[in-house]
Amino acid sequence: MIALPGLCLTTGRPWLARNILRTFSRFVSEGMLPNRFPSAGEAPVYNTVDATLWYFEAVRQYFEATSDIGLLHELFPLLDRIVDAHLGGTRYHIQIDPGDGLLFAGEPGVQLTWMDAKVGGRVVTARIGKPVEVNALWLNAAASMSRFAQTLGRNAVRYETLADRARSGFARFWNSEKQFCFDVIDSPGSPEGNDAALRPNQIFAVSLPETALTEEQQRAVVDVCARELLTSFGLRSLARNEPGYRGHYEGGLVQRDDAYHQGTVWGWLIGPFALAHSRVYKNADEAMSFLNPMLGQIHAAGLGTASEIFDGDPPFTPNGCIAQAWTVGEILRAWRVISEARGR
């Protein structure tokens, strides 16, 4: 769902995006999209909280690009049932907290966000509670549903209310002491209930269309990510001065999985960062400069494509998959959006 807009819409293949969106709609279970389709004859695996929310964003971008009212009519009842499932509660304690309108997710031994490394029975970055990017996505899903309802001539009040509550509750993510967002709030694994580790997930609170942050807070998020997480090829998954930081993705499986989201640079995050920077500073040329290093990289590792991850320490050696869909997709999408902002 993250890769779909860049790989299908930016490249002028909306029919392919439509087919993918319709196909996944048939596999929604208890308000969740599957995270993985296993071998033939086995059941899909539903262990992700954010894939379903990225589905809303993929539908939004598809409709924005195509004005395909037919597909919107077809998918809207399903999207509405997904909202109901998140309000009533589904697998792994995924449920909207009626107290603040935010989405809680997680239980011991299960990895639900994109930071999903697991070594044996140990989840490296459990992030149980209310993750910042999950709730940025929930806010955008509710806002998208409001617009979808209005487009289809339906009552949008319900979705507007959900978006307003999420927008108000999102203020809880702001760490006034450190001047950036908590990565997870109401986390049973954190001594004070909030995880203050500096991670890149907060960039989505700026890069997604709907934001609950003030302009000053948006700028602070972009600035701290630029100062502490930005590299030539993406954002570090953890700041270098945080406990547990790993600067190199190397060693056996256990060592690699320990480093996977503990400092390793993820290429797909350069797209949201460039878009967030463009939003805050309104300088398309500067925003484009963050994407330029990838031009050289596509001739250096997986030829003609872009790698999954890079070391957190210089020289940022490419690693992992040599051709990663969401890295390619987000670079293409950001490149297109920023190029249009430049008038080119």
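Where does Pro-315 lie? I went to look, and found Pro-315 in the loop between strand E12 (309-310) and E13. I keep in mind throughout that this is a predicted model.

**Entry: the cis bond**

I checked the peptide bond joining Pro-314 and Pro-315, and it is cis. I noted omega at about 5°.

**Entry: the sheet**

Since E13 had come up, I followed the strands next. I found an open sheet of five strands, in the order E9-E10-E11-E12-E13, with antiparallel pairing. At the edges I have strand E9 (230-231) and strand E13 (318-319), each of which pairs on one side only.

How many bridges join strand E10 to E11? I get two, with E10 (residues 234-236) and E11 running antiparallel. I also looked up the partner of Leu-235, and in E11 that bridge partner is Trp-266.

**Entry: aromatic rings**

Trp-266 made me turn to the rings. My search of the whole structure gave 16 aromatic pairs. I picked out Phe-27 and Phe-37, an edge-to-face pair with 4.9 Å centre to centre and 75° between the planes. This pair links distant parts of the chain, although both residues belong to the loop between helix H2 (14-25) and helix H3 (50-66), ten residues apart. I then asked how open these two are to the outside. I have Phe-27 as partly exposed, at a relative accessible area of 29%. I have Phe-37 as partly exposed too, at 40%.

My next pair was Phe-204 and Trp-268. Why do I call this pair stacked? I do so because the planes are at 25°, with the ring centres 5.4 Å apart, and the cut-off for stacking is under 30 degrees. Phe-204 sits in helix H7 (residues 204-207), whereas Trp-268 is in the loop between strand E11 (265-266) and helix H10 (270-281), so I logged a link between distant parts of the chain, 64 residues apart.

Buried or exposed, for Phe-204? I get buried, at a relative accessible area of 2%. Trp-268 is buried as well, with 1% relative accessibility.

I then traced the ring pairs outward from there. They link Phe-204 and Trp-268 into a cluster with Trp-54, Trp-114, Tyr-249, Tyr-260, Trp-266 and Trp-326. Trp-266 is thus a name I have down twice: as a member of this cluster and as the bridge partner of Leu-235.

I also looked for a charge over a ring. I found Arg-91 over the face of Tyr-46, at 4.5 Å from the ring centre.

**Entry: the cavity**

How many cavities of 30 Å³ or more are there? My count comes to one. For the largest cavity I noted a volume of about 30 Å³. I listed its lining as Val-49, Ala-105, Gly-106, Val-110, Leu-112, Thr-113, Ala-126, Arg-127 and Pro-131. Sorted by class, I have six nonpolar, two polar and one charged residues in that lining.

**Entry: positive phi**

Arg-127, one of the lining residues, caught my eye again when I went through the backbone angles. I read its phi as near 55°, a positive value in a residue other than glycine. I place Arg-127 in the loop between E4 and strand E5 (130-131). I count Arg-127 as buried, because its relative accessibility is 8% and the cut-off is under 20%.

Ser-67 went on my list as well, with a positive phi near 55°. I found Ser-67 in the loop between H3 and helix H4 (69-88). Buried or exposed, for Ser-67? I have Ser-67 as exposed, at 52% relative accessibility.

**Entry: two spacings**

I took down two C-alpha distances to finish. Gly-120 lies in the loop between strand E3 (118-119) and strand E4 (122-123), and I count Gly-120 as exposed at 67% relative accessibility. I get 22 Å in space from Gly-120 to Leu-238, with their positions 118 residues apart in sequence.

Leu-87 is in helix H4 and I have Leu-87 as partly exposed, at 28% relative accessibility. How far apart in space are Leu-87 and Thr-214? I get 27 Å, C-alpha to C-alpha, for two residues that are 127 residues apart in sequence.

Definitions and conventions: Residues are numbered from 1 along each chain as its sequence is written. This is a predicted model: local features need pLDDT of at least 70, side-chain atom pairs count only at pLDDT 80 or more; totals for chains, interfaces and linings use all residues. Side-chain values use heavy atoms; hydrogens and water are left out. Rings of Phe, Tyr and Trp (its six-membered ring) pair if their centres lie within 6.5 Å; planes under 30 degrees apart count as stacked, over 60 as edge-to-face and the rest as tilted. Helices (H or I, at least four residues) and strands (E, at least two) are DSSP runs, numbered from the N terminus. Buried means under 20% relative accessible area, exposed over 50%, partly exposed in between (1.4 Å probe, protein chains only). A charge sits over a ring if NZ of Lys or CZ of Arg is within 6 Å of the ring centre and within 35 degrees of the ring normal. Two strands pair if DSSP finds at least two bridges between them. On a 1 Å grid over the protein atoms alone, a cavity is a set of points where a 1.4 Å probe fits but cannot get out, and a pocket is an open set with protein on both sides within 12 Å along at least five of seven lines; lining residues have an atom within 4 Å of a point. Grid points are joined across faces, edges and corners, and a volume is the space filled by probe spheres set on the points. Ala, Val, Leu, Ile, Met, Phe, Trp, Tyr, Cys and Pro count as nonpolar, Asp, Glu, Lys and Arg as charged, and the others, Gly among them, as polar.
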